[in-house]
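Trainee: I'd like to learn how to read the domains and cores of a protein model. Can you walk me through one?

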Amino acid sequence: MPGNMARKNFDLIVFDWDGTLMDSTAIIVKCIQAAARDLGLAVPDNKAASHVIGLGLAEAMQVAMPGLEPSQYPRVVERYRYHYLAQDQDLTLFDGVREMLADLSQQGYFLAIATGKSRVGLNRALHETKLLSAFDATRCADETFSKPHPAMLQELTRELGQDLKRTVMIGDTTHDLQMAINAGAAGIAVQYGAHPAHELDALKPLFNATSTVQLHAWLNANA
C-alpha cells in the first residue's frame with residue numbers, strides 16, 4: 001500500500017457523519033424543533049437541540065424533550081423523520097471532505113463511519129453524495145448501541161481486522177470523543193459542528209480542527 005512505510009500512529013480512521021463530514025447541524029436542529037412544534041410540545045432551543053446530535057434518534061428526542069410520556073417519543077421521531085426527509089436536497093459536504101477522503105484512501109488508511117443516523121438515512125446520504133465506495137465499513141445507531149457506548153468502534157475494528165489502539169475517531173460532539181475514550185481509541189475533534197470547542201477540549205482530543213482543510217493537514221502530518 002502506498003504510504004505504508006510512513007504510517008505513524010493509525011491504520012483506521014473513523015469519521016462521524018453529521019456535523020463532521022456533512023454540514024447538517026442547522027438542518028437537524030430545525031427538524032427537531034419542527035417535530036416538537038407539530039405535536040404542541042415545548043420547543044428545545046438551538047443549544048439543547050444541537051447537543052443531542054450524534055445520539056441515536058429515539059435517544060436524542062428523549063434528551064432534547066425530557067419529561068414526555070414514553071408513548072409520545074415514537075410520534076416525535078416520526079415527525080422528525082418527516083421534516084428531515086423533506087430536506088434531503090440540502091445534503092452539503094464541508095469544503096475539502098472529498099479531497100481529504102480520496103487522499104487518505106490513496107495513502108492506504110482504512111476509512112469508516114460511526115454515526116447516530118439510521119442505516120436508511122446514512123445509505124441515502126452516501127448515495128446522494130456519491131461517497132458509498134469511499135468507506136471500508138460503516139455503523140449506524142439503529143444497528144448497535146448508540147454513542148458514547150464503545151460498540152460501534154469495537155465492531156468496526158473487528159470487521160476490518162484492526163486494533164483499537166491504532167484507530168482514531170473524528171467527530172464534532174462530546175458523544176464521539178467519549179465513545180473513543182470508552183473504546184480505548186484516540187479522538188480528534190472538529191469544532192465546526194454541533195458542540196462548542198470548550199466542551200470538546202475538556203475531553204482532551206489529540207487535536208481540535210477548525211476546518212476540514214486543517215483536519216486533513218493534521219492527519220497527513222500526524223496520523
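Mentor: Let's go through the domains, the interface, the cores and one buried residue in turn. Keep in mind that this is a predicted model.

Trainee: Which domains does the chain have?

Mentor: The domain assignment splits the chain into domain 1 (12-23 + 91-222) and domain 2 (25-89). Their C-alpha centres lie 23 Å apart. Domain 1 puts 20 residues into the contact, and domain 2 puts in 17 residues.

Trainee: How do I read the area buried between domain 1 and domain 2?

Mentor: The general idea is that an interface's size is often quoted as the accessible area lost when the parts come together. Here, about 1,400 Å² is buried between domain 1 and domain 2, with carbon and sulfur atoms giving 46% of that.

Trainee: And how many salt bridges does the rule find across that interface?

Mentor: The rule finds one salt bridge between domain 1 and domain 2. It also picks out five residue pairs in polar contact across the interface, with both residues at pLDDT 80 or more. As for salt bridges in this model, look at K47 and E199: they form one, and their closest N and O atoms are 3.8 Å apart.

Trainee: Okay, on to the cores. What's the general idea there?

Mentor: In soluble globular proteins, nonpolar side chains tend to be buried together. In this model, the largest nonpolar core has 60 residues, and F15, W17, F135 and L215 have the most contacts inside it. Helix α1 (residues 25-38) is the top contributor, giving seven residues. Domain 1 and domain 2 each supply at least three residues to this core.

Trainee: Which residues does W17 touch?

Mentor: Setting aside residues up to four places away in sequence, the partners of W17 include M22, L93, I113, A114, L122, L126 and F135. T115, K117 and T129 are also among the residues W17 touches. There's a second, separate core too: it has 16 residues, including L12, A114, L153 and L156.

Trainee: Now a single residue. Is L55 buried or exposed?

Mentor: L55 counts as buried because its relative accessibility is 8%, and the cut-off for buried is under 20%. You'll find L55 in the loop between α2 (46-51) and α3 (57-64).

Trainee: What is L55 in contact with?

Mentor: Leaving out neighbours within four places in sequence, L55 contacts A60, V63, G116, S146, K147 and H175. Compare sequence and space as well: L55 and D176 are 121 residues apart in sequence, yet 9.2 Å apart in space, C-alpha to C-alpha.

How values were computed. Residues are numbered from 1 along each chain as its sequence is written. This is a predicted model: local features need pLDDT of at least 70, side-chain atom pairs count only at pLDDT 80 or more; totals for chains, interfaces and linings use all residues. Side-chain values use heavy atoms; hydrogens and water are left out. A nonpolar core is a set of buried Ala, Val, Leu, Ile, Met, Phe, Trp, Tyr and Cys residues joined through side-chain atoms within 4.5 Å. Buried means under 20% relative accessible area, exposed over 50%, partly exposed in between (1.4 Å probe, protein chains only). Helices (H or I, at least four residues) and strands (E, at least two) are DSSP runs, numbered from the N terminus. Domain bounds come from an automatic or database domain assignment. Contact means heavy atoms within 4.5 Å. Buried area is the accessible area (1.4 Å probe) that two parts lose on being put together, summed over both. A salt bridge is a side-chain nitrogen of Lys or Arg within 4 Å of a carboxyl oxygen of Asp or Glu. A polar contact is a pair of N or O atoms within 3.5 Å; within protein, one must be able to donate a hydrogen and the other to accept it, and residues adjacent in sequence count only if both atoms are side-chain atoms.
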